[in-house]
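Got your viewer open? Load the model below and keep the selection box handy.

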Amino acid sequence: MTSATTGAILRAETLAADPAAAAHAGAKAANLARLQAAGYRVPPFAVLGTDTCARLLAPSADAIAGLLAELDPDDPAALRSVSSRIRALVEGCPLPGDIAAELDTVVAELAAGPAAAGEVRFAVRSSVRGEDSATDSFAGQLDTVLNVGAADLPAAIGTVLASAWSERTLFYRARRGLDNAPVACAVVVQVLLDSAVSGVVFSCNPRSGDPSEAVVAAALGLGEGVVAGTVDCDTYFVDRGTGAITSRVVADKRSRVAPAPHGAGTTVEELADPLTAAALSDTEIQELAEVAGALADRFGAPQDVEFAYTPDGRLHLLQARPVTATGARETVFDNVNVAESYPGLSSPLTFSVLRTAYERVFRTCHRDFGATARIVERNAADLYPYLVGTARGRIYYNISNWYRLFLEIPGMEFAIEGWEAALNIENRYQRPPAPARGIARLRAIALRLRVFAIILLGWLRLPRRLRAFFTALAAATTDLERRLDEDRPERDRDAHALLAWTERFFDELVPAYSVQIFNDFLAQQMFHVVGLQLRRAGLAEEAALTLRNELFCGEDGVDSVDPVRSALALAARVRADSALRALFDGPSTAQQVWASLSEDRFATFRAACLRHIAEFGDRTVDELKLETDPLGEHPERLVPMLRNYLRGGQNADDMIARERAIRRAAERTATELFAGEGVRRWVFRLALRLAREHVKQRENMRLGRSRAFGLLKRVFREYGRRLHADGLVGDPRDVFWLTYEEIAALTRGTAVDTDITRTVALRKADYDRWQAQRLPSRIVTTGIAASGISDPALEQPGPDAAEGARVLHGIGCAPGRVEAPALVLDTPDPDVAIDGQILVAATTDPGWVFLMVAAGGLVSERGSLLSHTAIIGRELGIPTVVGVPGVTRLIGNGDVLVLDGRAGTVTLGQERRP
């Protein structure tokens with residue numbers, strides 16, 4: 001190294017030899033120096049020390065201190081404002097001349113090193129005192145700038161320094177009890193490797209804290225893909241004692257993170273040929289586990305080590321730090337499937353009612369699946385009440401507790417795989433190997449036989465229980481009609497009577513709905529078995545999925561389709577009547593058209609509309625949200641629906657005929673596939689018949705659920721009117737801002753806060769702020785869940801792996817190919833004009849069926865092969881693809897798409913139309 005230095009920039013060998021110098025380099029740089037001194041291969045680097053960085057920040061120090069002194073870390077708007085102003089101050093400071101000159105010298109030294117080849121690019125990272133301690137990891141809080149050219153290093157250094165006051169970092173420090181004193185930040189400038197494979201290795205299991213198990217996560221290209229979660233990763237588990245690889249999850253790797261071709265930063269490259277093999281060899285996996293273990297022993301704590309393998313197969317260590325929060329209780333929230341029924345934000349009343357309903361239903365259905373009274377009692381307090389959670393107004397499944405539902409019943413773990421596949425849930429459960437011999441094996445067989453016997457008995461009782469639910473629903477409907485009759489005594493519908501009716505609803509009707517969970521389970525398992533049989537008959541996985549989808553087309557008796565057929569019948573009557581057609585084709589608004597239907601000449605048609613509303617008025621967009629009005633309260637919304645059908649010329653008979661043709665062709669293929677396979681053909685046909693029946697009943701029960709929630713809507717609207725009449729709220733609809741538990745407490749005198757107006761105002765303000773935020777579909781928290789949910793970093797989605805891609809991949813659910821412009825709907829609008837466009841949505845609920853009929857196709861970010869969207873798409877013959885990550889961000893209104901519902905692809909044809 002040259003001796004022409006001023007000491008402003010610290011070299012790696014200086015840090016290793018001089019502890020005093022290392023103290024000015026920050027934790028990350030000091031750790032890199034320790035790794036290099038220990039003989040590990042580390043990419044060449046140098047450090048702008050904390051004193052140097054303090055000098056760079058000095059011109060703006062007073063202004064930063066003033067901004068921080070007035071900061072309220074619990075106010076997201078204040079966090080954003082202060083962070084933005086500090087960033088502008090820091091990035092506007094140029095490098096002093098002597099530091100800039102020494103940086104040029106260091107760059108020349110690093111570029112001449114043995115790791116350099118061709119044009120050298122750099123990674124610029126923060127290195128903060130205390131950054132990577134075992135209790136306070138700043139991992140992900142401070143910015144890293146990758147793929148930086150030598151000329152752009154001063155700007156990248158400013159960006160990294162400014163990130164010490166980013167919104168998420170300010171919030172993190174406040175939450176961890178760290179004050180806003182000036183951050184002792186250094187900046188590492190390191191040669192960027194051309195990584196073939198990179199990732200992270202933990203010397204202990206980071207979830208359980210088990211020191212005997214190392215965990216490796218690896219992906220193609222730069223390590224950013226693993227850390228940010230933007231590409232598919234392999235995961236390997238290694239027994240540190242024996243070196244044996246005990247488990248591995250190998251992903252289909254369709255992309256890699258690579259340096260951006262122009263300028264700083266990275267890009268996600270789609271691979272022409274996806275890699276299905278493991279990214280790492282067994283030797284490399286074991287090498288990583290051994291290195292991580294050795295570092296843990298050397299440094300006296302479990303280690304989190306970032307690594308990279310270059311194309312020549314050589315291992316480089318990029319970072320090492322103590323593993324944080326090992327063994328902390330982890331809770332996984334995921335909106336898979338539940339977002340279909342509760343998209344976007346849901347009111348506090350809706351969430352609280354749903355939480356109570358899930359608690360009652362699953363307490364009952366756990367007994368149905370063989371849970372003993374002791375198991376039910378053991379889980380009454382901390383399992384059944386917490387199957388759903390809420391994050392900033394959005395409803396999530398507590399997936400951690402759903403796994404517990406299975407695992408609490410001995411012998412039931414076999415069903416997890418089918419459940420995960422049906423709901424398109426990321427696999428998190430690794431079934432332990434079955435005992436090979438002895439008493440343990442006999443016990444496992446006995447438990448499995450017990451579960452099968454219980455399921456068989458439940459299956460035999462299923463038709464009677466389904467009828468019992470609909471009988472109970474009819475009785476509850478009749479009782480509520482009687483109670484709300486204005487001729488009844490006032491006490492029959494006062495607040496106490498309404499609350500008592502609701503409690504009976506939860507005690508009697510809701511537990512009866514548990515039959516749906518049992519039916520769902522059978523549908524998921526039989527659907528999974530059909531797919532397995534097709535693959536075992538010789539079909540590739542994608543071909544088996546496609547054939548299975550087609551076998552479920554054209555099913556008769558699906559009640560969920562009846563509302564659409566009824567609406568299409570109304571549209572046919574309009575088509576056949578010139579006066580009605582003129583009214584609907586004219587310029588009148590929906591309200592004006594509905595008012596005109598009161599004329600005597602339209603009496604017959606209006607009566608038909610009212611019958612449709614009476615029968616299917618609970619089937620609306622967002623129908624399970626109590627705050628969503630049923631169609632009966634806004635009958636004019638039927639008008640734009642019928643106008644869409646008139647424009648598109650949809651015909652129920654044509655749809656049914658097309659779906660039945662697809663089904664017959666699929667059945668012929670399946671017959672040929674199992675020709676000469678007597679027993680296997682019989683098993684397949686039985687599984688298919690059962691799967692079809694249970695999938696059909698699943699949809700029928702969903703329509704029953706919509707009607708049950710329609711009863712609750714009437715009750716709580718009446719309760720809102722009571723609150724308003726008593727002067728407790730300014731608007732009857734303010735009832736939706738309260739929880740069910742708060743309503744009960746207000747009614748019976750146990751409320752600790754009776755200022756409803758204040759509560760409502762605060763919650764409305766929160767929801768207004770949350771509406772603009774975008775949360776991930778999966779949230780993983782440790783410790784107290786609210787701490788993770790309130791982290792503002794949740795609002796900032798990382799780089800999307802599909803950004804810039806022209807072909808997006810999802811799950812093909814309903815066959816068909818269509819090319820049409822996109823209509824992106826963040827929230828469903830019953831008044832939107834639809835005429836053959838491809839609907840693009842984050843998620844859909846059963847009420848979208850009326851929009852789907854007039855569309856050319858449907859693409860959704862969420863969903864599975866058994867979601868309502870998939871089933872109705874198959875029934876109506878509408879090409880449908882679900883599970884396309886980030887599609888609402890990647891596609892704009894008017895973009896021309898080619899949607900292939902069989903292949904599960906969405907191809908962007910040309911840019912959006914003006």
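What follows is a walk through some helix pairs and a cavity in this predicted model.

**Stop 1: a helix pair early in the chain**

Select residues 76–91, which is helix α6, and then add 153–162, which is helix α8. Look at how the two pack: the angle is about 150 degrees, and the axes sit 9 Å apart. That makes α6 roughly antiparallel to α8. As for handedness, α6 passes α8 in a right-handed crossing.

Now show side chains where the two helices touch. On the α6 side, pick R87, V90 and E91; they meet G158, T159, L161 and A162 of α8. Colour that contact by class and you should get three nonpolar, two polar and two charged residues.

**Stop 2: the largest cavity**

Next, switch on a cavity display. How many cavities of 30 Å³ or more are there? The count is nine. Go to the largest cavity, with a volume of about 690 Å³.

To centre the view, select Y358, F362, W402, I517 and D520: of the 39 residues that line this cavity, these lie nearest its centre. Then colour the lining by class, which gives 30 nonpolar, five polar and four charged residues.

Which helices should you show around the largest cavity? These each supply at least two residues of its lining:

- α12 (338–341) and α13 (348–368)
- α15 (399–407) and α16 (416–423)
- α18 (495–512) and α19 (514–536)
- α27 (678–725)

Give α13 its own colour, since α13 contributes the most to the lining of the largest cavity, with eight residues.

**Stop 3: α13 against α19**

Hide the rest and keep 348–368 and 514–536, two of the helices you just listed. The axes of α13 and α19 come within 8 Å of each other and cross at roughly 55 degrees. That makes α13 oblique to α19. The crossing of α13 past α19 is right-handed.

For the contact, show V361, F362, T364, C365 and D368 from α13, along with S514, I517 and F518 from α19. By class, this contact holds five nonpolar residues, two polar and one charged. You've met two of these residues before: F362 and I517 are among those nearest the centre of the largest cavity.

**Stop 4: α19 against α27**

Keep α19 on screen, drop α13, and bring in 678–725 for α27. Here the axes of α19 and α27 come within 8 Å and cross at roughly 145 degrees. Is this crossing left-handed or right-handed? The crossing of α19 and α27 is left-handed. Colour by class one last time: the contact of α19 with α27 has 16 nonpolar, five polar and five charged residues.

Note on methods. Residues are numbered from 1 along each chain as its sequence is written. This is a predicted model: local features need pLDDT of at least 70, side-chain atom pairs count only at pLDDT 80 or more; totals for chains, interfaces and linings use all residues. Side-chain values use heavy atoms; hydrogens and water are left out. Axes are lines fitted to C-alpha atoms, for helices over the stretch in contact, and angles run from 0 to 180 degrees between N-to-C directions. Helices (H or I, at least four residues) and strands (E, at least two) are DSSP runs, numbered from the N terminus. Angles under 35 degrees count as roughly parallel, over 145 as roughly antiparallel, 65 to 115 as roughly perpendicular and the rest as oblique. A crossing is left-handed if the near helix is turned anticlockwise from the far one by less than a right angle, and right-handed if clockwise. Contact means heavy atoms within 4.5 Å. Ala, Val, Leu, Ile, Met, Phe, Trp, Tyr, Cys and Pro count as nonpolar, Asp, Glu, Lys and Arg as charged, and the others, Gly among them, as polar. On a 1 Å grid over the protein atoms alone, a cavity is a set of points where a 1.4 Å probe fits but cannot get out, and a pocket is an open set with protein on both sides within 12 Å along at least five of seven lines; lining residues have an atom within 4 Å of a point. Grid points are joined across faces, edges and corners, and a volume is the space filled by probe spheres set on the points.
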